Amino acid sequence: MTHEELFKEIKTRFNNVEELRAPEGQIWGPELQIKVPPQDIHGVCEHLKNSLTLAFDFPNFLTAIDWIQENRFEIVYHLFSTSHQHTVILKVSLGRDNPEVASITDVWPGMDWQEREVYDLFGVRFQGHPNLKRILLWEGYPGWPLRKDYVHTRDKYDSGLEIGLPPPPAETHG
């Protein structure tokens with residue numbers, strides 16, 4: 001299936017999606033990239049998985065990008081069809097003030113930890129996630145460390161190595 005056929009199949013069901021093209025002077029990979037409105041992401045993902053002609057059965061990964069100057073986050077879904085050997089990248093823009101989008105863990109249960117990681121590091125909430133809690137940091141950790149406006153507060157766990165300071169002198173025992 002060509003990119004044009006794949007996009008047409010999705011656009012027929014979801015009128016608000018847009019095909020993304022590389023900006024002037026940039027080179028992107030060969031994957032079809034589609035901008036999806038936040039309210040449509042769950043339906044688009046269900047369609048991509050359940051359509052026999054599409055059969056996106058393998059979600060490679062989900063991540064986020066902080067476009068701080070544009071005051072938004074971009075959630076990126078990288079999906080693959082093992083039976084048809086085609087790939088699609090879905091992108092959803094969310095405002096930084098209240099970043100929230102539907103969970104797709106009921107479509108692909110393997111996205112559970114990836115949604116939790118994006119929540120943990122960026123503070124993006126996934127509506128309907130069955131267990132949305134921090135996965136790398138402890139509950140109560142102050143802030144979202146992958147946000148570009150995050151400021152680290154030193155605590156008892158800091159050694160100086162995390163900001164490039166030399167390690168503390170080794171203790172000698174007589």
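**A mixed open sheet and its surroundings**

In this predicted model, an open sheet is built from 5 strands in the order β1-β2-β5-β4-β3, and the pairing within the sheet is mixed. The edge positions are taken by β1 (18–20) and β3; each has a single partner strand, so one side of each is left without a neighbour in the sheet. Neighbouring strands of this sheet are turned against each other by 25° on average, with direction ignored. As a general reminder, strands of a sheet pair through backbone hydrogen bonds, either parallel or antiparallel. A parallel case is provided by strand β2 (residues 32–35) and β5, which are joined by 4 bridges. Within this pair, Gln 33 stands opposite Ile 89 in β5.

Two helices can be placed relative to these strands. Helix α1 (residues 3–13) lies across β1, β2 and β5 and runs at about 25° to β2. Helix α2 (residues 41–50) also packs on the sheet, where β4 and β5 are touched, and the direction of this helix makes about 170° with that of β5.

It is helpful to set the sheet against the chain as a whole. The secondary structure of the protein chain comes to 3 helices and 7 strands, and the pattern read along the sequence is α-β-β-α-β-β-β-β-α-β. Of the 174 residues in the chain, 41% are buried. When contacts between residues at least 6 apart in sequence are considered, 51% of them join residues at least 24 apart. The surface exposed by the protein chain is about 10500 Å², and carbon and sulfur atoms supply 53% of this area.

The edge strand β3 offers a residue worth a closer look. Asn 60 lies in this strand and is partly exposed, with a relative accessible area of 30%. With residues up to four places away in sequence left aside, Asn 60 touches His 78, Leu 79, Phe 80 and Gln 114. Between the C-alpha atoms of Asn 60 and Ser 81 there is a separation of 10.0 Å, while the two residues are 21 apart along the chain.

A buried counterpart is found in helix α3 (residues 112–122), where Asp 120 is located. The relative accessible area of Asp 120 is 0%, so this residue counts as buried. Outside the stretch up to four places away in sequence, the residues touched by Asp 120 are Arg 134, Ile 135, Leu 136, Leu 137, Trp 144 and Pro 145.

Attention may finally be turned to the backbone in two loops. Asn 71 is found in the loop between β3 (58–67) and β4 (72–81). The phi angle of Asn 71 is near 55°, a positive value in a residue other than glycine. Asn 71 is partly exposed, its relative accessible area being 39%. The loop between β4 and β5 (86–95) holds Gln 85, for which phi is near 60°, again a positive value in a residue other than glycine. Because its relative accessibility is 56%, above the 50% cut-off, Gln 85 counts as exposed.

Conventions. Residues are numbered from 1 along each chain as its sequence is written. This is a predicted model: local features need pLDDT of at least 70, side-chain atom pairs count only at pLDDT 80 or more; totals for chains, interfaces and linings use all residues. Side-chain values use heavy atoms; hydrogens and water are left out. Buried means under 20% relative accessible area, exposed over 50%, partly exposed in between (1.4 Å probe, protein chains only). Contact means heavy atoms within 4.5 Å. Accessible areas come from the Shrake-Rupley method with a 1.4 Å probe; for residues, only the protein chains shown count as cover. Two strands pair if DSSP finds at least two bridges between them. Axes are lines fitted to C-alpha atoms, for helices over the stretch in contact, and angles run from 0 to 180 degrees between N-to-C directions.
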